Amino acid sequence: FADYRKYRYNGKIIQGADAYHKGFDFASVKNAPVKASNNGKVVFTGFLGIYGNSIIIDHGLCVYTLYSHLSEIAVKEGEAVKKGQYIGKTGTTGLAVGDHLHYGVLVNGIEVNPVEWFDINWLNTRFYENYKNIIGGNR
């Protein structure tokens with residue numbers, strides 16, 4: 001699902017700096033507010049290499065969301081967050097050329113296509129239906 005990227009410096013490709021981009025980039029104005037995509041518990045806040053300042057939220061059932069390149073982190077590890085709650089601001093930390101939010105979804109630690117998780121029909125047929133006995137039909 002990911003874009004394959006090669007990175008350049010002074011017009012030359014950086015050897016060994018090619019990679020798959022496994023997330024979704026949301027363009028934004030400088031320091032735009034970032035909100036939690038769903039209820040969960042913050043399990044990581046801090047600097048995460050090319051992702052820069054990042055937040056990882058555990059939503060249960062081995063589903064996590066990643067918010068990266070942040071200029072501000074407004075939550076702490078261990079904090080419970082609600083869907084739509086302000087958690088930080090977009091930025092350019094890590095390997096980011098312009099201010100934006102890198103958003104990722106991980107299932108069992110594996111990065112998956114976050115665009116699928118935006119679609120309620122996909123969630124109903126590929127996720128909720130499979131886990132309805134565990135989650136009791138509550139979403």
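Let me start with what I mean by a ring pair: rings of Phe, Tyr and Trp, taking the six-membered ring for Trp, pair if their centres lie within 6.5 Å. Keep that in mind, everyone, and remember that what we have on screen is a predicted model.

With that cut-off, the structure holds 8 aromatic pairs. Let me take you to two of them. In one, Phe24 and Phe118 have ring centres 5.7 Å apart and planes at 85°, so this pair is edge-to-face. Phe24 sits in strand β5, residues 24-27, while Phe118 is in the loop between β14 and α1, so the pair ties together parts that are 94 residues apart in sequence. How accessible are these two? Phe24 has a relative accessible area of 30%, which makes it partly exposed. Phe118 is partly exposed as well, at 42%.

Now the other pair. Phe26 and Phe118 have their ring centres 6.0 Å apart, and with the planes at 50° the pair is tilted. Phe26 also lies in strand β5, and because Phe118 is in the loop between β14 and α1, this pair ties together parts that are 92 residues apart in sequence. Phe26 is partly exposed, with a relative accessibility of 32%.

Put the ring pairs together and you get a cluster: Phe24, Phe26, Tyr67, Tyr103 and Phe118 are linked in this way. Some of these names come back on the surface. Phe24, Phe26, Val115 and Phe118 form a nonpolar patch there, and together they have about 320 Å² of accessible area. If you want to find Phe118 on your own screen, look between β14 at 110-112 and α1 at 120-135.

Let me zoom out for a moment. What does the secondary structure of the chain come to? It is 1 helix and 14 strands. The chain has 139 residues, and 30% of them are buried. Its accessible surface comes to about 8600 Å², with 52% of that belonging to carbon and sulfur atoms. For those of you who think in contact maps: among contacts between residues at least 6 apart in sequence, 52% join residues at least 24 apart.

On to the strands. A quick reminder that strands of a sheet pair through backbone hydrogen bonds, either parallel or antiparallel. Here we have an open sheet of 3 strands in the order β6-β12-β10, and the pairing is antiparallel. Its edge strands are β6, at 33-35, and β10, at 72-73, each of which pairs on one side only. Between β10 and β12, residues 86-89, there are 2 bridges, and Glu72 stands opposite Lys89 in β12.

My last stop is a run of hairpins. Strand β7, residues 40-47, pairs with strand β8, residues 53-58, in the antiparallel sense over 6 bridges. One register to check is Phe44, whose bridge partner in β8 is Ile56. This hairpin has 5 residues between the strands, and Gly49 takes a positive phi near 55° there.

Then β8 pairs again, with strand β9 at residues 63-68, antiparallel over 4 bridges. Which residue in β9 is the bridge partner of Asp58? That would be Tyr64. The β8 and β9 hairpin has 4 residues between its strands, and in its turn we find Gly60 with a positive phi of about 90°.

That's my tour, thank you all for listening, and I'm happy to take questions.

Conventions
Residues are numbered from 1 along each chain as its sequence is written. This is a predicted model: local features need pLDDT of at least 70, side-chain atom pairs count only at pLDDT 80 or more; totals for chains, interfaces and linings use all residues. Side-chain values use heavy atoms; hydrogens and water are left out. Patches are made of residues with over 30% relative accessible area and no salt bridge: like charges are joined within 9 Å, nonpolar side chains (Val, Leu, Ile, Met, Phe, Trp, Tyr) within 5 Å. Accessible areas come from the Shrake-Rupley method with a 1.4 Å probe; for residues, only the protein chains shown count as cover. A salt bridge is a side-chain nitrogen of Lys or Arg within 4 Å of a carboxyl oxygen of Asp or Glu. Rings of Phe, Tyr and Trp (its six-membered ring) pair if their centres lie within 6.5 Å; planes under 30 degrees apart count as stacked, over 60 as edge-to-face and the rest as tilted. Buried means under 20% relative accessible area, exposed over 50%, partly exposed in between (1.4 Å probe, protein chains only). Contact means heavy atoms within 4.5 Å. Two strands pair if DSSP finds at least two bridges between them.
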